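Here is a friendly tour of one protein model. Have the sequence and the 3D view open as you read.

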Amino acid sequence: MGRGDIELETNKVYDHDDVADVEVPSTAHQISSDSWFQVGFILTTGINSAYVLGYSGTVMVPLGWTGGVVGLVLATIISLYANALIAHLHEYGGQRHIRYRDLAGFIYGKKTYSLTWALQYINLFMINTGYIILAGSALKATYVLLRDDGLLKLPYCIAIAGLVCAMFAICIPHLSALGIWLGFSTIFSLIYIIISFLLSLKDGLQSPPRDYNLLGDGFSKVFTIIGASANLVFAFNTGMLPEIQATIRQPVVKNMMNALYFQFTVGVLPLYLVTFTGYWAYGSSTSVYLLNSVNGPVWVKALANITAFLQSIFASPMYEFLDTKYGIKGSALNVKNMSFRIVVRGGYLAFNTFVSAFLPFLGDFMSLTGAISTFPLTFILANHMYLKAKKDKLTSSQKLWHWLNIGFFSIMSIAATIAAIRLISVDSKTYHVFADL
């Protein structure tokens, strides 16, 4: 039983470092099965997903060279720090916390458990929405390259993307089953990253001087800058670190830190490369989807868009909760298990797809996700949980540091939420629902 009286069904497992027995909550998914390198690759693939094609337009354009470069570097450092805090609490209190909500419930109690659960799934829903918008945008861009007749509009492409995402979610039972797909996903990422970098570099070398001035004026510029700050932290965080850490082998803290160091050193380099080169090449006119700005052979651009579409297909730790709750165990091909995934995961992604087509504003969704879930989950809650769990071991200056983090990111979360809602409202009036952008 945890401090917050959150009662969990647990199984005893032995710590492979011969340190102690650690209780592990029951789950329908695999625990302690992956190396730190595989987990590091999952995290690295995540930050270099097709979202990387949006940061030139959604981060650099609103913030400019100074704000964008400094902001991305600072976001990298503070994200590593915040994730390290969470990773070090994974076995806090002699129990392995394989879900973020379990950790929050253990430290605070049932109300925070429920709040964290809600924030996590808002976060996942918003991230999934962005992935489907990205996949739809990539599909439409491919179609326009091959046959620009205006028949296949963005909402139709988003519907197709949602269908493919649902098929993938049905076929992949849990995160550890991503082993083979991770290889393909890495290849897809390399293809669109290399192509977008080389074509941007070519365009930048051949183009006249670009305009790098910040767009908008007055309050409009302020709201845009605040919204972009939420995009900065969105780039590096999932809000699901304990769920990902649950798959790593013992010793879980040491191995998770190795995975995080890999993610935030080697893993961020492709993101930096594409983001900075894209903005350098096109300046303030850079598209929210970088491949819409580049020039080059049709087949090369088509290949980049197709690989971006395929890489946008994902597997979500959200399904672990549903599978465990309804006792979905055993063979993934079992009729009951397959039927459950078709109905539940398919239904969830159908609604996700509808929202994506209804409001297909990628940058706005990134800002809103960062504001209402990434800031609270990754920065506010992480600092406060660590402060509460380690309060007897922290000096006064360390406690003050954590309180300053909590206060600063709370203000940023509120400001960025207001800015993101305003951006969605403005775009909804500028365009329309089910817009063909």
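The notes below cover the core, a buried charge, the cysteines and a peptide bond.

## About the model

This is a predicted model, in which local features need pLDDT of at least 70, side-chain atom pairs count only at pLDDT 80 or more, and totals for chains, interfaces and linings use all residues. Residues are numbered from 1 along each chain as its sequence is written, and side-chain values use heavy atoms, leaving out hydrogens and water.

## The nonpolar core

The largest nonpolar core (buried Ala, Val, Leu, Ile, Met, Phe, Trp, Tyr and Cys residues joined through side-chain atoms within 4.5 Å) has 110 residues, and Tyr51, Leu53, Tyr55 and Leu72 touch the most other members. Helix H14 (residues 362–389; helices are DSSP runs of H or I, at least four residues, numbered from the N terminus) gives this core its largest share, 15 residues.

Leaving aside residues up to four places away in sequence, tyrosine 51 has contacts (heavy atoms within 4.5 Å) that include Met126, Tyr131, Phe234 and Met366.

## A buried glutamate

Glutamate 243 sits in helix H8 (residues 241–245). It is buried (under 20% relative accessible area, 1.4 Å probe, protein chains only), yet has no salt bridge; that would take a side-chain nitrogen of Lys or Arg within 4 Å of a carboxyl oxygen of Asp or Glu. Arginine 101, the nearest side chain of opposite charge, is 4.2 Å away.

## Cysteines and a cis bond

The whole structure has zero disulfides (pairs of cysteine sulfur atoms within 2.5 Å). Cysteine 157 is buried at 0% relative accessible area, and cysteine 165 is buried at 1%.

Most peptide bonds are trans. The one from glutamine 250 to proline 251 is cis, with omega near -5 degrees.

Technical notes
Buried < 20%, exposed > 50% of the residue type's maximum accessible area, 1.4 Å probe, protein only. Helix = DSSP H or I, 4+ residues; strand = E, 2+ residues; numbered from the N terminus. Lys, Arg positive; Asp, Glu negative; His and termini not counted.
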